[in-house]
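Student: I'd like a close look at one buried spot in this model and at what surrounds it. Could you start with a single residue and work outwards, keeping it informal?

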Amino acid sequence: MYRLSSDDLIYGYINGIFPMADTDNTLYWYSPDPRAIIPIETYHPAKSLRPVLNKKTFEVRVNADFEQVMRACALPRSEHDGTWISEEIIEAYVDLHQMGMAHSVEAYIENELVGGLYGVALGAVFFGESMFYRVPNASKVAFHYLIEILKKQQFELLDTQFINDNVRRFGAIEIPRTEYMKLLKQGLQKKVHFTEHIMEHSFRNQPD
């Protein structure tokens, strides 16, 4: 029986497609047109987020508990919602994480995971997948630090797949698929690292 593999994910991403599971766990591949991206260099945190950053409410960690971030993202948002993150998808992305290609940015309060996000890094492209929060602003802080990492490590493209209100608040825009594929090809040719060894542990969020 076919099972999604880390190799499938890599092949998909470099060709501009990504998987999502249906309510019956059937896997489908998508390539939206237009495609949603968040311009990395033009991102600015909302004014309402700055006090949260200054208070240092959250401890931010990178790649400390990737699987639990995925499982938190997989939980339905309400009793009427389903999830596109199946067990098969979790297993494949965890394998990709162990290969050093999938990453999580996590927000903690008193060592409790309260928010975060995960995605895939190939070349100078980061493919954002999903985020969650259990405490207000936790996912926003995680996203802020994702952008800081992408800027520091000289990433060129942040893919967010579909446009929606959640990504629009971070500055997401839509571009034609043809333009996206050009940016993707360009970004994949550049070799950068998502994290340096010192960032693999944790750091307190600091005010800008």
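Tutor: Let's start at Ile85, which counts as buried because its relative accessibility is 4%, under the 20% cut-off. Bear in mind that this is a predicted model. You'll find Ile85 in the loop between H3 and H4, so don't look for this residue inside either helix.

What does Ile85 touch, once its neighbours within four places in sequence are left aside? The contacts are Met70, Cys73, Ala74, Ile90, Tyr118 and Ser130. Three of those names come back when you look at helix H3, where Met70, Cys73 and Ala74 are buried, along with Phe66, Val69 and Ala72. The cover over the buried residues of H3 includes H4, S5, S6 and S7.

Now zoom out to the core. The largest nonpolar core has 36 residues, and Ile85 is among those with the most contacts inside it, together with Ile89, Tyr93 and Tyr118. Two or more residues of this core come from each of these elements: helix H1 (6–14), strand S1 (18–21), H3, H4, strand S5 (102–109), S6, S7 and helix H7 (177–188). Ile89 gives you another view of the packing: leaving aside neighbours within four places in sequence, Ile89 is in contact with Leu4, Pro19, Met20, Ala21, Leu27, Met70 and Trp84. Met70 is thus a contact of Ile89 as well as of Ile85. Apart from this core lies another one, of 33 residues, among them Val62, Ala121, Phe170 and Val192.

Back to Tyr118 and Ser130, since both touch Ile85. Tyr118 has Ser130 in S7 as its bridge partner. That pairing belongs to strand S6 (residues 112–122) and S7, which run antiparallel to each other over eight bridges. Their hairpin has two residues between the strands, and Gly123 there takes a positive phi near 60 degrees.

How enclosed is strand S7? Eight of its nine residues (125–133) are buried, so the rest of the structure largely encloses this strand. Don't take all of S7 to sit right beside our starting point, though: the C-alpha atoms of Ile85 and Tyr133 are 16 Å apart, with their positions 48 residues apart along the chain.

S7 also has a partner in strand S8 (residues 157–161), this time in the parallel sense and over three bridges. Phe127 stands opposite Asp159 in S8. Put helix H5 (residues 138–152) together with S7 and S8, and you have a right-handed β-α-β unit.

Asp159 deserves a stop, as its side chain meets that of Arg35 in a salt bridge, 2.9 Å from N to O. Arg35 is in strand S3 (residues 35–37) and Asp159 in strand S8, so this pair ties together parts that are 124 residues apart in sequence. Both partners are out of sight: Asp159 counts as buried because its relative accessible area is 0%, and Arg35 counts as buried at 1%.

Then return to H3, where we began, for a charged pair with more of its surface showing. Arg71 forms a salt bridge with Glu87, and the closest N and O atoms are 2.7 Å apart. Because Arg71 lies in helix H3 (residues 66–74) and Glu87 in helix H4 (residues 87–98), the pair ties together parts that are 16 residues apart in sequence. Arg71 is partly exposed at 27%, and so is Glu87 at 39%.

A search of the whole structure finds seven salt bridges, and one more is worth a look. Asp165 and Arg168 meet through their side chains at 2.9 Å, N to O. The two are three residues apart in helix H6 (residues 165–168), so about one helical turn separates them. Asp165 counts as exposed at 61%, while Arg168 is partly exposed at 43%. Elsewhere, salt bridges with shared partners join Glu67, Arg71 and Glu87 into one network.

To pull it together: Ile85 sits in the loop between H3 and H4, touches Tyr118 and Ser130, and is one of the residues with the most contacts inside the largest nonpolar core.

Terms used:
Residues numbered from 1 in each chain as written. Predicted model: local features only at pLDDT ≥ 70, side-chain atom pairs only at ≥ 80, totals over all residues. Heavy atoms only, no water. Buried < 20%, exposed > 50% of the residue type's maximum accessible area, 1.4 Å probe, protein only. Helix = DSSP H or I, 4+ residues; strand = E, 2+ residues; numbered from the N terminus. Pairing = 2+ DSSP bridges. Right-handed = clockwise from strand over helix to strand, strands pointing away. Salt bridge = Lys/Arg side-chain N within 4 Å of Asp/Glu carboxyl O. Core = buried A, V, L, I, M, F, W, Y, C linked by side-chain atoms within 4.5 Å. Contact = heavy atoms within 4.5 Å.
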